[in-house]
Amino acid sequence: RAKSDGRGSYQFYAPEMDDRLQRRRMLELDLRAADFDKEFELVFQPIVNLQSKQVAVVEALLRWPGCQRGQIRPDEFIPIAESTGLIVQLGAWVLERACREAIKLPGSINVAVNLSPGQFRRGNIVDTVANVLKLTGLAPERLELEITESLLLGDNKETLLALNRLHALGVKISLDDFGTGYSSLSYLRNFPVDKVKIDRTFIAEIAGNRDHWAIVSAIVNLSHALEMTTVAEGIETEEQLLIVRATGCDAVQGHFFSPPMSVAQLRRYLEDQRAKLTLA
Ligand code: C2E
Ligand code: MG
Ligand code: MG
Ligand code: MG
């Protein structure tokens, strides 16, 4: 601990920084000791296809309700899992749980699972996915793996090989949060990407910002030209939905339809949707 002379002139770091490091260290210990089955849960958010107007996919999102330190978002604990390597075990747990839930859902709704770069770099993601599919009996076509652009950066032949092998299993690959990184769709052509998920920052201001509208339109058109489909994330209003639909985007996700839900809530939601369709 650095000493202060009381006037602050010898303080080497801000106390807030110390708190954050402390919290991070504690969370890291909690994560190492965690019994995943007891402490973690998956919630599911519907992704609606704009052509069929039906829920085509549900995205599995990880929650840690058993954490002793109160509510903690994945944006905080996933990076810790990533930096400690625990993401390999935690990510495998998510995959298995998501596939087990998907197989119990009505209809043939797909399930989307987020993957971290660490699962590629430190784990054997191809075998993990193949084993989970065998174990749960989920048809590979019903599993969609969401990766981010950061995974594709640099010249990594290993990643390309793993993605090609995953694709050969029959699973779909989606590119999450598209537009926030070093996005280049033509560069993406080298990777087996089926879907592009347009980041919600573009959707948030699409109604009032012509540039954002232009970017979304361009992503949709170029994706289609390259035979990829598109999903708009973070739809919160009807206005955003109408604008996005007019760009030709294939599917939508966001609080306007539903926030992420427990499996029980999701079942009820899907039943309600079906009832509405038969009434319509
Ligand atoms: P993501 O994959 O981009 O997931 C979408 C995030 O946007 C989720 O946050 C979701 O709750 C939120 N969201 C959905 N609709 C709306 C909306 O209309 N408005 C707003 N403001 N937000 C919306 P969440 O669940 O907190 O997850 C954050 C991120 O954490 C995810 O972003 C993903 O990158 C990561 N994550 C979550 N679960 C997992 C997991 O199982 N494995 C890995 N590797 N990462 C995960
Ligand atoms: Mg995602
Ligand atoms: Mg996303
Ligand atoms: Mg995101």
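1. Donors here are N, O and S atoms within 2.8 Å of the metal, and water is not among the atoms, so a site may look incomplete. With that cut-off, the magnesium ion (ligand 2) and the magnesium ion (ligand 3) are both coordinated by D176, and the two ions lie 3.8 Å apart. The model is a predicted one, and the points below should be read accordingly.

2. Site of ligand 2. The magnesium ion (ligand 2) has as protein donors E59 (OE), N114 (OD1), E146 (OE) and D176 (OD), at 2.0 to 2.2 Å. Along the chain these donors follow the spacing E-x54-N-x31-E-x29-D. Distant parts of the chain are linked by one pair among them: N114 belongs to strand β3 and D176 to strand β5, 62 residues apart.

3. Site of ligand 3. For the magnesium ion (ligand 3), the protein donors are D176 (OD), D177 (OD) and E233 (OE), and they lie 1.7 to 2.4 Å from the ion. Their spacing in sequence is D-D-x55-E. D177 sits in strand β5 (residues 172–178), while E233 is in the loop between β7 (229–232) and α12 (238–246), so this pair ties together parts 56 residues apart in sequence.

4. Accessibility of the donors. Which of the donors are buried, and which are partly exposed? The shared donor D176 counts as buried, at 6% relative accessibility, and E233 is buried with a relative accessible area of 9%. D177, at 27%, counts as partly exposed, as does N114 at 29%. The cut-off behind these labels is under 20% relative accessible area for buried and over 50% for exposed, computed on protein chains only.

5. Strand β2. Of the nine residues in β2 (residues 55–63), seven are buried, so the strand is largely enclosed by the rest of the structure. One partner of β2 is strand β1 (residues 41–49), which runs antiparallel to β2 and is joined to it by eight bridges. In that pairing Q45 stands opposite E59, and E59 is also one of the donors to the magnesium ion (ligand 2). The hairpin of β1 and β2 has five residues between the strands, and K53 in this hairpin takes a positive phi near 60°.

6. Strand β3. Strand β3 (residues 110–114) runs parallel to β2, with four bridges joining the two. V57 stands opposite N110 in β3. Strand β3 also holds N114, which donates through OD1 to the magnesium ion (ligand 2).

7. Helix α6. This helix covers residues 125–136, 12 in number, and reaches 16 Å from its first C-alpha to its last, close to the 16 Å expected at 1.5 Å a residue. Its buried residues are I125, V126, V129, V132, L133 and T136. Viewed down the axis of α6, the buried residues fall within an arc of 135°, so they line one face of the helix. An α-helix has 3.6 residues a turn, so residues three or four places apart point the same way. K134 and L135 are exposed, on the other side of α6.

8. Surroundings of α6. What covers the buried residues of α6? The covering elements include α4 (87–104), α5 (117–121), β4 (143–148) and α8 (157–169). Just after the helix, G137 takes a positive phi of about 80°.

Definitions and conventions:
Residues numbered from 1 in each chain as written. Chains lettered and ligands numbered in written order. Predicted model: local features only at pLDDT ≥ 70, side-chain atom pairs only at ≥ 80, totals over all residues. Heavy atoms only, no water. Expected span 1.5 Å × (residues − 1). Buried < 20%, exposed > 50% of the residue type's maximum accessible area, 1.4 Å probe, protein only. Arc of directions from axis to C-beta. Contact = heavy atoms within 4.5 Å. Donors = N, O, S within 2.8 Å, 3.2 Å for Na, K, Ca; no water. Pairing = 2+ DSSP bridges.
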